[in-house]
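Welcome! Please take a moment with the sequence and the structure below, and then follow the briefing topic by topic.

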Amino acid sequence: MLRLIIVDDEQGVRDMLADYVRQHEPQIEVAGCFSGGEAAFAFLQKEQVDMVITDIRMPRMSGLELARRIVEEKIDCVVLIVSGYGEFEYARQAIEYGVVSYLLKPIQMRELSDAISHMAQKLSERRANAIWESQFSDEVEELFFADLLMGKISEGPQLEARYQRLKLPYPHTQVHGFFLEVTVRRDKSFDWEYDTQRLFIAVGNVLRMQRHSCYVQPVGHQGDAFCFIVLQGPNNSAFDSRAIRRMLKEALGVTSELKTVACFESLCEAPELMRSLTRFIGGEGESEKEPQEVDRVIANAKAYIAAHYGEDITRYDVATAVYMNSAYFSRYFKAKTGENFNDYLIGFRMQRAIQLMNTGRKLSEICAQVGYSNYRYFARVFQQYTTYTPSEYRQKVIRNEDSFDDL
């Protein structure tokens, strides 16, 4: 349910708006009514509110000022301005403060209903965009470190441009850092209902809580030994290992050991970073590997795909299975095989589907067995891969092969 507040210095207007919303908008709760902007703003700072309907002219704090404060404080809500005819230009000016709509007095109930629907739509779009931007930001960060570790970012304008997207408070020329290994010990009192990958993420979150001005990015893990890359600026103090161990104990209930794996004075020391990483990307093997042995990662990834292609697996799932960061795994797979991960997964599934064409199974069954829940999507991918639809392939290609076998 969405929560709405009404702000107007006229009691009659507040009551009329509140009564209408309660009677005709069951999906919206009237969380409060206020006679001025100051009281409304104080409420917004303490309570979760999704929508604000406010008069534009009020004593002390106007609706325009309230909208401006909402934007400045980054309060997650949408605002509708109510104005008189003579205040129309003020209402238009309020658009820059995040106001998504406005009503002219006297308020017509149908216009109010349309305005509330418009507010709900804009709120949904804004929050969906925020989620996408957050995910995109995470992907940008992961890809930055993946390319850095693969040696694909050259020093100079390219490095500077991509580093700026991390939005750290110091220039890339002043960055130094290290790899931090955190090994957790699970005793009998440890109660963790999720998998090791979730524990890996949780440990990283604890590290970020302890060092707000540093940048911490997960790299990989081997069992319960987790590796993170840590970037620091020129004035950052050393990590407080004792404080981190205490926080891990308090937050997650685990005892832990911390060790610096390797330090670097420049972001461009990719070869050194790569060598420091290798023991965390080879699964359960030896801690030290020759370069050619690291290709076991690719073998393990392909084996995982062969065992799970019929499930709804993603790059993240395969990367987790081989103890790697998702973005780094994507770059690594491409570098070692010359093929994008998604292309390989699609090709594997399509080849398996072709094999199953000879078994007499229904096409819908084949679709499900190779990991697709939507037949139309499966058919489109199959046609892109073979130039035939699944039914055409079965009728033309397989029958032709059978006829050649009879000769």
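## The enclosed space

The largest cavity has a volume of about 40 Å³. Please keep in mind that this is a predicted model. A search of the whole structure finds 1 cavity of 30 Å³ or more.

**Around the cavity**

- Which residues line the largest cavity? They are Glu142, Phe145, Ala146, Leu149, Gln217, Pro218, Val219, Asn325 and Tyr328.
- Helix H5 gives the most to this lining, with 4 residues.
- At least two residues of the lining come from H5, and at least two come from strand S7 (215-222).
- Sorted by class, the cavity lining has 6 nonpolar, 2 polar and 1 charged residues.
- Pro218, one of the lining residues, also gives us a distance to look at: its C-alpha atom and that of Leu180 are separated by 9.6 Å, with the two positions 38 residues apart along the chain.
- Leu180 itself belongs to strand S6 (residues 176-185), and with a relative accessible area of 4% it is buried.

**The second largest pocket**

- The volume of the second largest pocket is about 240 Å³.
- Its lining is made up of 14 residues, and those nearest the centre are Asp312, Arg349, Gly371, Tyr372 and Tyr377.
- Which helix supplies the largest share of this lining? That is H13, with 4 residues.
- Helix H13 (341-357) and helix H15 (375-386) each contribute at least two residues to the pocket lining.
- The classes in the pocket lining are 6 nonpolar, 5 polar and 3 charged residues.

**Helix H1 and its two sides**

- Helix H1 covers residues 11-24, and its length can be checked with simple reasoning: at 1.5 Å a residue, its 14 residues should span 20 Å, and the end C-alpha atoms are indeed 20 Å apart, so the two values agree.
- The buried residues in H1 include Val13, Arg14, Leu17, Ala18, Tyr20 and Val21.
- Around the helix axis, these buried residues cover an arc of only 160 degrees, and therefore they sit on the same side of H1.
- Which residues are exposed on the other side of H1? Look there for Gly12, Arg22 and Gln23.

**Strands S1 and S2**

- Strand S1 (residues 2-7) is mostly covered, with 5 of its 6 residues buried.
- S1 pairs with strand S2 (residues 28-34) in the parallel sense, over 6 bridges.
- To find this pairing in the view, you can start from Leu4, which stands opposite Val30 in S2.
- As background, side chains in a regular strand alternate between the two faces of the sheet.

**Backbone details in the loops**

- Lys105 and Pro106 are joined by a cis peptide bond, with omega at about -5 degrees.
- Where is Pro106 found? Its place is the loop between strand S5 (99-104) and helix H5 (109-149).
- Arg60 is a residue other than glycine, yet its phi is positive, near 65 degrees.
- The loop between strand S3 (51-55) and helix H3 (63-72) holds Arg60.
- Is Arg60 buried or exposed? Arg60 counts as exposed because its relative accessibility is 75%, and the cut-off for exposed is over 50%.
- Thr387 is not a glycine either, and its phi is positive too, at about 75 degrees.
- You will find Thr387 in the loop between H15 and helix H16 (390-406).
- Thr387 has a relative accessibility of 59%, so it counts as exposed.

**A buried position in helix H10**

- Val297 is part of helix H10 (residues 296-308).
- The relative accessible area of Val297 is 1%, which means that Val297 is buried, as buried stands for under 20%.
- How many residues apart along the chain are Val297 and Phe329? They are 32 residues apart, and their C-alpha atoms are separated by 9.2 Å.

How values were computed: Residues numbered from 1 in each chain as written. Predicted model: local features only at pLDDT ≥ 70, side-chain atom pairs only at ≥ 80, totals over all residues. Heavy atoms only, no water. 1 Å grid on protein atoms, 1.4 Å probe; cavity = no way out; pocket = protein on both sides within 12 Å on 5 of 7 lines; lining within 4 Å. Points joined across faces, edges and corners; volume = space filled by probe spheres on them. Nonpolar A, V, L, I, M, F, W, Y, C, P; charged D, E, K, R; others polar. Expected span 1.5 Å × (residues − 1). Buried < 20%, exposed > 50% of the residue type's maximum accessible area, 1.4 Å probe, protein only. Arc of directions from axis to C-beta. Pairing = 2+ DSSP bridges.
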